[in-house]
Amino acid sequence: MENIVSVNNLVKKFGDFRAVDDISFAIPKGEIFAFLGPNGAGKSTTIKMMTTLLEKTSGEIKIAGYDIDKGKDNIRKCLGIVFQDPSLDDELTAYENMEIHARLYGVDRKTLKEKIKGLLEFVELWDRQDKFVKTFSGGMKRRLEIARGFLHAPQVLFLDEPTQGLDPQTRNHIWSYVLKLNQEQGLTVFFTTHYIEEAEKIAGRVAIIDHGKIIASGTPIELMAQTKSANLEEAFLALTGNVIRDEEVSAEENMRRFANARRK
Ligand code: ADP
Ligand code: MG
């Protein structure tokens with residue numbers, strides 16, 4: 001299948017430190033691709049380089065047929081981005097946040113209203129279109145961000161920990177929108193998450209990054225088979241020797257998991 005994203009020998013150095021250390025991968029059109037790794041592994045740095053927010057040190061990035069070195073504007077038009085920290089304007093309404101973004105991206109004025117309505121309906125926020133964003137819950141803000149990310153009909157959606165800190169019900173809700181867009185519009189998705197069970201459920205393929213290097217990749221089932229694990233979280237632990245949510249796991253639990261992974 002045709003690859004819509006290809007990254008080759010990508011490097012990002014901060015001084016002498018190699019935050020992203022010679023990674024290569026490709027994503028076929030229409031795939032949901034998960035990028036997993038412990039804190040500080042280099043996930044956000046990779047996303048920032050791919051979405052033109054950060055200059056790479058070296059390597060190659062191609063998205064939707066465009067080479068990032070031959071101009072960033074073309075690439076930007078193909079992308080939607082949802083970050084962990086919402087970048088909405090709290091003092092504006094949901095509708096106004098959508099409108100500003102649409103103007104920024106040059107969305108056709110004639111179809112603008114219709115488009116905003118459709119997207120707000122899609123994330124079930126149309127009835128709150130004239131409410132100030134500061135009155136929204138975390139989950140509502142994330143949904144609004146996703147709707148906004150779709151205004152310019154991107155071909156690839158990047159989500160950097162979009163469900164961090166949200167309750168399980170809201171997390172499910174968000175992934176069901178992403179799945180729907182993937183299935184109905186063939187959208188390609190690149191995401192990171194601290195909730196490995198989310199990746200196990202929705203990712204077609206996973207790459208695991210640790211200390212700036214990709215140490216494993218494959219379908220969730222391949223990674224589980226490779227490490228003789230019952231689920232992707234165990235596979236992750238076996239591969240990285242690390243739990244992804246270190247702040248939420250007690251030292252005791254950590255030791256238990258290490259012992260389990262060792263036995264295999
Ligand atoms: P992740 O998203 O996987 O948690 P990041 O990509 O944010 O990790 O960071 C990777 C590494 O690069 C970390 O060690 C981080 O401290 C470092 N880093 C990120 N941004 C900068 C920066 N602007 N200057 C120096 N070091 C940075
Ligand atoms: Mg990050």
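Here is a walk through this predicted model, going from one helix to the cores, the ligand site and a few loop residues.

Let's start with helix H6, which runs over residues 168-185. H6 has 18 residues, and the distance from its first C-alpha to its last is 26 Å, close to the 26 Å expected at 1.5 Å a residue. Its buried residues are Thr-170, Arg-171, Ile-174, Trp-175, Tyr-177, Val-178, Leu-181 and Asn-182. Look down the axis of H6 and those buried residues fall within an arc of 150°, so they line one face of the helix. Over on the other side, Pro-168, Gln-169, Gln-183 and Glu-184 are exposed.

What sits on top of the buried residues of H6? The cover includes three strands and three helices worth picking out in the viewer: strand S3 (32-36), strand S7 (156-160) and strand S8 (188-192), plus helix H4 (109-122), helix H5 (138-149) and helix H7 (196-202). The ends of H6 deserve a glance too. Asp-167 caps the N-terminal end, with a side-chain oxygen 3.1 Å from the backbone nitrogen of Gln-169. After H6 comes Gly-186, with a positive phi near 65°.

Next up is H4, one of the elements covering H6. H4 has 14 residues and reaches 20 Å from first C-alpha to last, close to the 20 Å expected at 1.5 Å a residue. Leu-112, Ile-116, Leu-119, Leu-120 and Phe-122 are buried in H4, and what covers the buried residues of H4 includes helix H3 (94-104), H5 and H6. H4 is followed by Glu-124, which is found in the loop between H4 and H5. Its phi is near 55°, a positive value in a residue other than glycine.

Now for the nonpolar cores. The largest one has 48 residues, and the members that touch the most others are Leu-36, Met-98, Leu-144, Leu-159, Phe-191, Val-206 and Leu-232. Take Leu-36 as a way in: setting aside neighbours within four places in sequence, its contacts include Thr-193, Ile-196, Ala-199, Val-206, Ile-208, Leu-232 and Phe-236. Lys-43 is also among the residues in contact with Leu-36. A second, separate core has 24 residues, including Ile-4, Ile-27, Ile-75 and Val-156.

Lys-43 takes us to ligand 1, since it turns up again among the residues around that molecule. The others there include Phe-14, Phe-17, Ala-19, Pro-38, Asn-39, Gly-40, Ala-41, Gly-42, Ser-44 and Thr-45. Which polar atoms of the protein pair with oxygen atoms of ligand 1? A polar backbone atom of Gly-42 is 2.9 Å from a ligand oxygen. For Lys-43, an N or O atom in the side chain is 2.8 Å from an oxygen of ligand 1. Thr-45 places a polar side-chain atom 2.6 Å from an oxygen of ligand 1.

Finally, head to helix H9 (residues 232-240), which holds Leu-237. Is Leu-237 buried or exposed? Its relative accessibility is 6%, so Leu-237 counts as buried. Leu-237 and Ser-58 are 179 residues apart in sequence, and their C-alpha atoms are 30 Å apart in space. In the loop between helix H8 (220-226) and H9 you'll find Lys-228. Lys-228 has a positive phi of about 50°, although it is not a glycine. With 65% relative accessibility, Lys-228 counts as exposed.

Conventions. Residues are numbered from 1 along each chain as its sequence is written. Chains are lettered from A and ligands numbered from 1 in the order in which they are written. This is a predicted model: local features need pLDDT of at least 70, side-chain atom pairs count only at pLDDT 80 or more; totals for chains, interfaces and linings use all residues. Side-chain values use heavy atoms; hydrogens and water are left out. Helices (H or I, at least four residues) and strands (E, at least two) are DSSP runs, numbered from the N terminus. The expected span of a helix is 1.5 Å times one less than its number of residues. Buried means under 20% relative accessible area, exposed over 50%, partly exposed in between (1.4 Å probe, protein chains only). The arc is that of the directions from the helix axis to the C-beta atoms. Contact means heavy atoms within 4.5 Å. A polar contact is a pair of N or O atoms within 3.5 Å; within protein, one must be able to donate a hydrogen and the other to accept it, and residues adjacent in sequence count only if both atoms are side-chain atoms. A nonpolar core is a set of buried Ala, Val, Leu, Ile, Met, Phe, Trp, Tyr and Cys residues joined through side-chain atoms within 4.5 Å. A residue is near a molecule or strand if one of its heavy atoms lies within 4 Å of it.
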